[in-house]
Amino acid sequence: MLGFIGCGTMGGTLLEGIIKNQLVAPEKIVIFDQDAGKMLSLKDKLEVNTATNVQSLCLETQKIFLAVKPQDMKELLLEMKPVLNAGHLLISVAAGLYISFFQKHLGKSVKIIRIMPNTPCLVGEGMSVISRSQAVSEGEEKEIAALMGSLGKVISLEEKHMSAVTGLSGSGPAYIFLVMEALADGGVEMGLSRDVALFLAAQTVLGAAKMFLQTGEHPAIMKNKVTSPGGTTSAGLLALEEGAVKASLIKAVIQSAQKEKNMLLEK
Ligand SMILES: NC(=O)c1ccc[n+]([C@@H]2O[C@H](COP(=O)([O-])OP(=O)(O)OC[C@H]3O[C@@H](n4cnc5c(N)ncnc54)[C@H](OP(=O)(O)O)[C@@H]3O)[C@@H](O)[C@H]2O)c1
């Protein structure tokens with residue numbers, strides 16, 4: 001049986017993806033959220049089972065996704081602790097909470113997998129990065145990676161890279177939304193309707209990303225190929241360089257990653 005504690009944005013997204021892709025049957029899933037409204041609406045929509053509290057969920061399930069906010073995690077772990085045993089595998093999607101945090105509260109031998117997903121999981125194009133504690137076997141990690149694979153791409157990395165991952169793929173959708181909004185604003189300024197401008201911007205972002213993923217060609221080479229001497233793209237690129245767009249995006253990743261590291265220090 002698979003458990004989910006926390007049925008908000010991320011818990012609900014993961015649950016829907018797993019069921020939609022028929023990786024686990026709804027009758028083999030038990031969910032719990034302290035917000036009964038959220039829990040019952042997911043139960044109605046997905047026909048999963050619900051638990052009456054955290055401890056009863058732990059008694060019914062062995063693999064448990066923890067999808068509560070980082071600031072709620074400690075209290076949740078303390079509630080779970082009395083009923084956890086060596087067979088339980090916990091999967092946390094909380095930003096900024098390291099494996100050592102779970103070991104501190106549940107003991108060194110706790111089986112914990114840490115995942116940093118992102119919101120495009122909602123449309124099956126997520127990017128999830130996985131790290132595991134020593135107590136977790138390769139097979140168990142593969143099983144969870146397969147579940148996450150139903151929501152997009154998955155890779156495993158050492159946990160020391162999680163801050164960088166948070167700064168890039170975790171926070172990255174917001175950066176790209178801002179880029180799309182700005183491109184569309186430019187189109188509107190030049191006379192396009194808002195709808196058409198946003199559609200053009202979105203399909204351009206999608207197409208450029210797909211070109212890289214399908215050809216593997218370095219973005220700088222693809223950029224040079226579409227930049228003819230004295231042409232329109234060259235004029236546009238000059239404006240981006242003047243606005244230090246590249247440096248700004250590099251700084252965005254660094255500052256988001258540093259913020260994640262500081263969240264840990266604040267714990
Ligand atoms: N949203 C994203 O884009 C995203 C991306 C990557 C990672 N994450 C991670 O995903 C986690 C969840 O984020 P979210 O955006 O899904 O949060 P959310 O929408 O607030 O959902 C969390 C849910 O957990 C419930 N909850 C809190 N403590 C609980 C407890 N002890 N027992 C049962 N339920 C409890 C909350 O209830 P109340 O509302 O009553 O507090 C809420 O319904 C976070 O740790 C976040 O770092 C989110």
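Begin at strand β1, which is joined to strand β4 by four bridges, the two strands running parallel. Keep in mind throughout the tour that what you have open is a predicted model.

**First stop: β1 and its two neighbours**

Select residues 2-5, the span of β1, and then add F65 in β4, which is the residue that stands opposite F4. Now look at the side chains of β1 itself, where L2 and F4 lie on one side and G3 and I5 on the other, and where all four are buried, so that both faces of the strand are covered. In a regular strand the side chains alternate between the two faces of the sheet.

Next, select residues 29-32 to show β2, which pairs with β1 in the parallel sense over four bridges. If you pick G3 in β1, its bridge partner in β2 is V30. To follow the chain between these two strands, add helix α1, residues 9-20, and you will see that β1, α1 and β2 together make a right-handed β-α-β unit.

**Second stop: the whole sheet**

Step back and show every strand at once. In what order do the strands lie in the sheet? Eight strands form an open sheet, and reading across it the order is β3-β2-β1-β4-β5-β6-β7-β8, with mixed pairing. The edge strands are β3, residues 49-50, and β8, residues 152-156, each of which pairs on one side only. Helix α4 packs on this sheet, where it touches β1, β4 and β5, and its direction makes about 155° with that of β4. Another helix to select is α2, residues 36-46, which lies across β2 and β3 and runs at about 155° to β2.

**Third stop: β5 and the strands beside it**

Select residues 89-92, which form β5, and display their side chains: L89 and I91 point one way, L90 and S92 point the other way, and all of them are buried. On one side, four bridges join β5 to β4, residues 63-66, in a parallel arrangement, and within this pairing K63 stands opposite L89. The chain passes from β4 to β5 through helix α4, residues 70-80, and this β-α-β crossover is right-handed.

Then turn to β6, residues 111-116, which also pairs with β5 in the parallel sense, over four bridges. Here the residue to pick is S92, which stands opposite R114 in β6. Helix α5, residues 99-106, belongs to the connection, since β5, α5 and β6 make a right-handed β-α-β unit.

**Fourth stop: two helices in contact**

Hide the strands and keep α4 and α5. Two packed helices are described by the angle between their axes and the distance between the axes. What are these values for α4 and α5? The two helices pack at an angle of about 35°, with their axes 10 Å apart, and α4 passes α5 in a right-handed crossing. To see the contact itself, select M73, K74 and L77 of α4 together with F101, F102, H105 and L106 of α5. Coloured by type, the residues of this contact divide into five nonpolar, one polar and one charged.

**Fifth stop: three loop residues**

Pick E47, which sits in the loop between α2 and β3 and has a phi near 60°, a positive value in a residue other than glycine. Is E47 buried or exposed? E47 is exposed, because its relative accessible area is 63% and exposed residues are those over 50%.

Move on to A244, found in the loop between α11, residues 232-242, and α12, residues 245-266. A244 has a positive phi of about 55° although it is not a glycine, and at 34% relative accessibility it counts as partly exposed.

Finally, select L192 in the loop between α8, residues 172-189, and α9, residues 194-215. L192 is partly exposed, at 36% relative accessibility, and, leaving aside neighbours within four places in sequence, it is in contact with G187, A197 and L200. If you add V24, you will find that L192 and V24 are 168 residues apart in sequence and 46 Å apart in space, C-alpha to C-alpha.

**Last view: the whole protein**

Show everything again. The secondary structure comes to twelve helices and eight strands, and the C-alpha trace spans about 70 × 40 × 30 Å along its principal axes. Of the 267 residues of the protein, 38% count as buried.

Conventions. Residues are numbered from 1 along each chain as its sequence is written. This is a predicted model: local features need pLDDT of at least 70, side-chain atom pairs count only at pLDDT 80 or more; totals for chains, interfaces and linings use all residues. Side-chain values use heavy atoms; hydrogens and water are left out. Buried means under 20% relative accessible area, exposed over 50%, partly exposed in between (1.4 Å probe, protein chains only). Two strands pair if DSSP finds at least two bridges between them. A crossover is right-handed if, with the strands pointing away from the viewer, the path from the first strand over the helix to the second runs clockwise. Axes are lines fitted to C-alpha atoms, for helices over the stretch in contact, and angles run from 0 to 180 degrees between N-to-C directions. A crossing is left-handed if the near helix is turned anticlockwise from the far one by less than a right angle, and right-handed if clockwise. Contact means heavy atoms within 4.5 Å. Ala, Val, Leu, Ile, Met, Phe, Trp, Tyr, Cys and Pro count as nonpolar, Asp, Glu, Lys and Arg as charged, and the others, Gly among them, as polar.
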